[in-house]
Amino acid sequence: MKLPTQVRLVDVGPRDGLQNEKQPVSAEVKIGLVHRLQDAGLKEIEVTSFVSPKWVPQMADNAEVMHGIGRKPGVLYSVLTPNMKGFEAAIAAPREEWPDEIVVFGAASEAFSQKNINCSIAESIERFAPVVAAALEKGIRVRGAMSCTVGCPYEGEIAPAKVGYLAQLMKGIGVQRVDVADTIGVGTPRKVQAAMEATLAHFGVDAISGHFHDTYGQALANTLAALELGVWNFQSSSAGLGGCPYAKGATGNVATEDVVYMLHGMGIETGIDLDRLIDAGVYISEALGREPNSRASKAIRTKRAG
Ligand code: HMG
Ligand code: MG
C-alpha cells in the first residue's frame, strides 16, 4: 500500500507526558510547553485531564492550565474526561476556554480498566455514554482512547478480538475517533497491525490514531507498521515524556521529535518545525531537570553545538 503523504500528530506531552511526574510542575510551565508546541506547528495538543486529583495529583491544575493558554487559531485542544464530573469541570469555564475535544478512555483489558478507572469495561462504557452525548450536544468533538490493545501489565497479551469489541462499544455510544494505544510499549509491528485491523472493522482509517509508548523501543517501527495500513494520525510526547500511573514500569510515549524526524526523512509532511519542536522538548526537560528522551533531539543538538 502507498504510504500516507501527510501525518497529523497530537502532542500528548502536557497530559500523558506529565501526569506521572512526581515533582510538582507549575501550571505556568505546562502552559509554556503548550505555547511552544503550537509555535512549533503542532495542530493538536492534549492539554490536561479532568480526573480525580487524588488519583492523579499532577493534573489537579487542569482548569488553571486551560485558562492560561493563549489559543492559536487552527489548533485543536483536547482534555481527558472519564465521567460526567470531569466533563462538567471541563466546561465550567467560559466557552472560549472549553476543550475542542474531550477524550474518554477505556481499556481492551478488564484488569487494566479496573486499575486505571476503577470499573469494568462494560461499566466504563455506561459512564462514558452520557459524557459523549453531552459533549456532542455542545459541539465538542469526542475521541476514545483504547488502552492495552496489544498487551496489559496484568493480563499479558491481548487478543485483537478484545480490541474490536471495545472499538465496537465506543462506536456504539457515538465516539467519533479512537486511539489504538500500546500503553506499556510491548507491541511489535505485526501485533500492532492486528490491533489496528480489529479497529478498522468499526472505524474508518481517518478516525484511527496510533498511540505508542516506547518502553521496548518499538514505537517507531510500530508507527511505520500503522502507516502501512494507511493510518495517518499519531500521538507522541515532546522529549519522550511520560508514562501511565497505572502501568508500572511503562515509559513515555514515543518522542515527537523522533517521529517527526522519521516522517520528514520519508518525505511525509507534518507541518512541524523540528528545530522549534526540539526547543520545546528542551524547555520542558530543563524544567524537570533532565535530558530530553529523544535520540533525534540529542543528535541534532550535538550537531548544533559542534
Ligand atoms: P472512582 O473513585 O471510582 O470515582 O474514580 P467515584 O465517582 O466513586 O468518585 C470518588 C471520588 O473522586 C469523589 O471524591 C469524586 O468527587 C471524585 P470524594 O467524594 O471521595 O472526595 N471524582 C473526581 N474528582 C475530579 N474529577 C473527576 C472525578 N471523578 C470522581 N472527574 C475515576 C473514578 C475515573 C475518577 C478515577 O479512577 C480516576 O480519576 N482515575 C484516573 C485515571 C487516569 O487519569 N489515568 C491516566 C490517564 S489514562 C492513560 O494514561 C492511558 C492513555 O494515555 C492511553 C494509553 O497509553 O493506554 C490515554
Ligand atoms: Mg498513554
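**Strand β10 and the magnesium site**

In the predicted model, Gln 235 of strand β10 is the bridge partner of His 211. This contact belongs to the pairing of β9 with β10, which is parallel and comprises 3 bridges. Between these two strands the chain passes through helix α9 (residues 219-228), forming a β-α-β crossover of right-handed sense.

Strand β10 also pairs with strand β1 (residues 8-11); the two run parallel and are joined by 4 bridges. Within this pairing, Asp 11 has Ser 236 of β10 as its bridge partner. Strand β10 itself spans residues 233-236 and is covered on both faces. Asn 233 and Gln 235 lie on one side, Phe 234 and Ser 236 lie on the other, and all four residues are buried.

His 211, the partner of Gln 235 in the β9 pairing, is also a ligand of the magnesium ion (ligand 2). The protein donors of this ion are the OD atom of Asp 16 and the NE2 atoms of His 211 and His 213, at 2.1 to 2.3 Å from the metal. Along the sequence, the donor residues follow the spacing D-x194-H-x1-H. Asp 16 and His 211 thereby link distant parts of the chain, being 195 residues apart. Asp 16 is located in helix α1 (residues 13-17), whereas His 211 is located in strand β9 (residues 208-212). Both of these residues are buried.

Technical notes:
Residues are numbered from 1 along each chain as its sequence is written. Chains are lettered from A and ligands numbered from 1 in the order in which they are written. This is a predicted model: local features need pLDDT of at least 70, side-chain atom pairs count only at pLDDT 80 or more; totals for chains, interfaces and linings use all residues. Side-chain values use heavy atoms; hydrogens and water are left out. Donors are N, O and S atoms within 2.8 Å of the metal (3.2 Å for Na, K and Ca); water is not among the atoms, so sites may look incomplete. Buried means under 20% relative accessible area, exposed over 50%, partly exposed in between (1.4 Å probe, protein chains only). Two strands pair if DSSP finds at least two bridges between them. A crossover is right-handed if, with the strands pointing away from the viewer, the path from the first strand over the helix to the second runs clockwise.
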